[in-house]
Structures are given as C-alpha cells and as structure tokens.
Amino acid sequence: GEDEDEGVVFYAFVILHAPEDEAAAEELRSKLESATEGTGATFSQDFHIPGQHALSCIDDAINNSAFTILLLTRNFTSRMQEVVTNSALMNAIHNFHKYNTVIPLQPQRNPMPNNEVPLVLRTLVMLRESNRNFSHLARKAISPEKVKRQRRVWEQEQEVLRLQEQRRRLLEENRRQQESIWQQQENIRLAQENWANYHKLHNLRSQSPTHSPPNFAPAPGMAGPSPAPPPNYPSWPPQMPPNYPSWPPQMPPNYSSWSPQMNPYTPWPPSPQSPANITIQNASCIMIGNDSTMTIGDPSVIQEDLDEDLLQEDLDED
C-alpha cells in the first residue's frame with residue numbers, strides 16, 4: 001500500500017504488445033482480469049511514459065508485475081518487439097522467482113502464424129484465446145497463489161531499493177552538512193586571524209611615538225643622511241692659504257672708479273661711492289650739473305640787454 005501511494009503499483013500481469021494492437025490489448029486485459037481475479041496492465045496505458053526511455057519503460061513493466069504476457073499478432077514482428085521478447089526472457093532467466101512467468105498469447109483476431117513465431121518462444125507453452133478452456137487455462141497459469149508469492153518478493157525488492165535511496169539521500173545530506181561545517185570553521189579561522197592582525201596593528205600604533213615617524217632605513221637609491229666626510233677632506237668653499245690676495249683687489253686710497261685708467265677686472269657698472277669733499281678757491285663762478293648754464297658779466301647790464309631785446313621783439317611783431 002505504501003508503494004502504491006508513492007506511485008509504484010504491482011500488477012498481477014502486464015501485456016506487452018505492438019503499438020497497433022493497443023485496442024486489442026485493452027480488450028484482452030479485461031478478459032484476463034475476469035478470469036484470474038487479479039489486476040492487470042497494458043504497456044501503452046500504464047508503463048509507456050512520454051519522455052522516458054523505451055527500454056526503461058519495458059524494464060519497469062517486467063519488474064512491477066508478476067507475469068509478462070506477449071501478445072503475438074501479425075504486428076509483433078518489428079525490431080522493437082524482438083527487444084521486448086528478449087528482455088522478458090532474460091529477466092526470467094536471471095531472476096529465480098521470475099522463472100516460468102513469460103506467457104506467449106495468441107489472440108483470436110489477427111494472430112501470428114505458428115511458422116512465424118520466434119524460435120525462442122516455441123519452447124514455451126502458448127496460451128490461445130481461441131481455445132474453449134481459455135479462462136480455465138489463464139487462471140491456472142496466473143493463479144492467485146503465484147501472484148501473492150511474486151508480490152512478497154517484489155515488496156522485499158522495493159524495501160531494498162527504498163533503503164538504498166534513503167542511504168543515498170543520507171550520504172548526500174551528510175556531505176552537505178560536512179561542507180557547511182568546514183565552511184563555518186574556515187570563516188571562524190579567518191575571523192580570528194583578522195582579529196589578531198588588528199590587535200597587532202593597534203599595539204604597534206600605540207607603542208610608536210605620534211610626534212615623529214618611525215626611523216626607517218632608506219631604500220636603495222633613495223637619499224639618506226649624508227655620511228661624515230673622511231679626515232683631511234677639502235671643505236667648500238676652500239680655505240685660502242695665509243697672505244693670499246683677496247678678490248676683488250683692494251684699491252689704493254683716493255682712487256676714482258671713473259678714472260680712465262680703470263682696473264679691467266672691476267665689475268660693471270661700478271658700485272656707487274660716497275661723494276668726496278671738493279675744495280674750491282679763487283673762483284668767481286661755479287657750474288654744477290650736466291644741463292646747467294652759466295652767464296658771466298654784470299647782472300644789471302645783463303638785465304638791460306634783456307629788456308631791449310624784448311622791446312625789439314614787440315616792435316617787430318607790430
């Protein structure tokens with residue numbers, strides 16, 4: 001019941017048929033269910049799931065039923081039907097509880113001729129729908145006791161599969177939990193390492209003086225403190241020996257810098273000098289400056305001459 005609730009159903013028989021015989025398979029299933037009092041299935045209606053591989057569907061049909069019935073019609077001649085036949089027979093050979101569970105059935109309409117029946121199926125007793133004792137033979141082949149025995153084995157197999165699936169899920173969940181624990185441990189380790197580095201940096205800053213930067217050694221190629229000069233290293237500017245003539249040379253007293261006989265090494269223009277005291281004696285007139293003018297004579301006579309000149313200029317203008 002739990003398996004049926006999960007979608008896995010156990011059938012007393014399943015009919016494997018060609019795609020063209022879907023209607024005939026449904027009709028035959030109803031007839032067999034009445035004869036055997038069991039629940040049957042057809043491949044097209046109960047196991048042929050769209051999107052799923054055909055071989056997987058065939059394997060599910062064989063494993064989830066007590067008996068496998070091959071509907072032998074003229075359409076059951078394709079390569080796919082050959083694969084279906086071989087799958088059913090190999091399952092019956094490899095599984096001991098599936099021994100004698102493959103039943104070839106020849107329907108009353110459109111049956112496969114006896115000479116076209118595969119050789120491997122001729123070794124099995126065939127169930128024919130045209131037989132008068134068809135219902136009795138079908139109930140004897142698919143007996144309720146055999147179906148119950150097959151069901152007990154199927155339930156044990158399903159329990160094993162369920163435990164395997166549960167184990168796989170537990171392992172997957174355990175793996176995810178381990179990864180989560182490792183990730184949390186790694187996060188804790190990184191947080192502790194960052195916290196320790198923060199404390200180290202804080203201690204270094206608290207111990208270092210705040211008024212001066214730490215004394216780092218200069219990197220190669222960078223300027224550092226100038227080394228002390230070796231002994232007897234010449235200083236700059238050089239010290240002159242005693243009695244060495246100074247520069248510029250000292251001029252003798254009362255030497256005029258504007259003299260034509262100027263020293264050629266004197267810088268130009270010459271620096272201004274303080275005016276010298278000049279003594280003038282026995283001179284009636286003195287002129288000072290480049291633009292100055294001088295008139296020599298009696299001032300009264302000079303004034304009369306100026307007045308006559310002005311009068312003459314006025315007469316000329318009139």
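**Exercise 1.** In this predicted model, classify Arg176 as buried or exposed, or in between, then trace its salt bridge.

*Solution.*
- Arg176 has 42% relative accessibility. Partly exposed covers the range between 20% and 50%, so Arg176 counts as partly exposed.
- The salt-bridge partner of Arg176 is Glu173, with the closest N and O atoms 2.5 Å apart.
- Glu173 is partly exposed too, at 34% relative accessibility.
- Arg176 and Glu173 sit 3 residues apart in helix α7, so about one helical turn separates them.
- Salt bridges with shared partners link Glu172, Glu173, Arg175, Arg176 and Glu179 into one network.

**Exercise 2.** Which residue forms a salt bridge with Arg175, and where do the two lie?

*Solution.*
- Glu172 pairs with Arg175; their closest N and O atoms are 2.4 Å apart.
- Both lie in helix α7, 3 residues apart, about one turn of the helix.
- Arg175 is partly exposed at 40%. Glu172 is partly exposed at 29%.

**Exercise 3.** The structure holds 15 salt bridges. Work out what the one between Asp46 and Arg29 ties together.

*Solution.*
- The closest N and O atoms of Asp46 and Arg29 are 3.4 Å apart.
- Asp46 belongs to helix α3 (residues 43-47) and Arg29 to helix α2 (residues 22-36), so the pair ties together parts 17 residues apart in sequence.
- Asp46 is partly exposed, at 30%. Arg29 has 19% relative accessibility. Buried means under 20%, so Arg29 counts as buried.

**Exercise 4.** Which helix gives the most to the positive surface patch?

*Solution.*
- The patch consists of Lys140, Lys146, Lys148, Arg149 and Arg152.
- Helix α7 (residues 144-207) gives the most, with 4 residues.
- Arg149 lies in helix α7 and is partly exposed at 43% relative accessibility.

Conventions:
Residues numbered from 1 in each chain as written. Predicted model: local features only at pLDDT ≥ 70, side-chain atom pairs only at ≥ 80, totals over all residues. Heavy atoms only, no water. Patch = residues over 30% accessible without salt bridge, like charges linked within 9 Å, V, L, I, M, F, W, Y side chains within 5 Å. Areas by Shrake-Rupley, 256 points an atom, 1.4 Å probe, with all protein chains shown as cover. Salt bridge = Lys/Arg side-chain N within 4 Å of Asp/Glu carboxyl O. Lys, Arg positive; Asp, Glu negative; His and termini not counted. Charge placed at Lys NZ, Arg CZ, Asp CG, Glu CD. Buried < 20%, exposed > 50% of the residue type's maximum accessible area, 1.4 Å probe, protein only.
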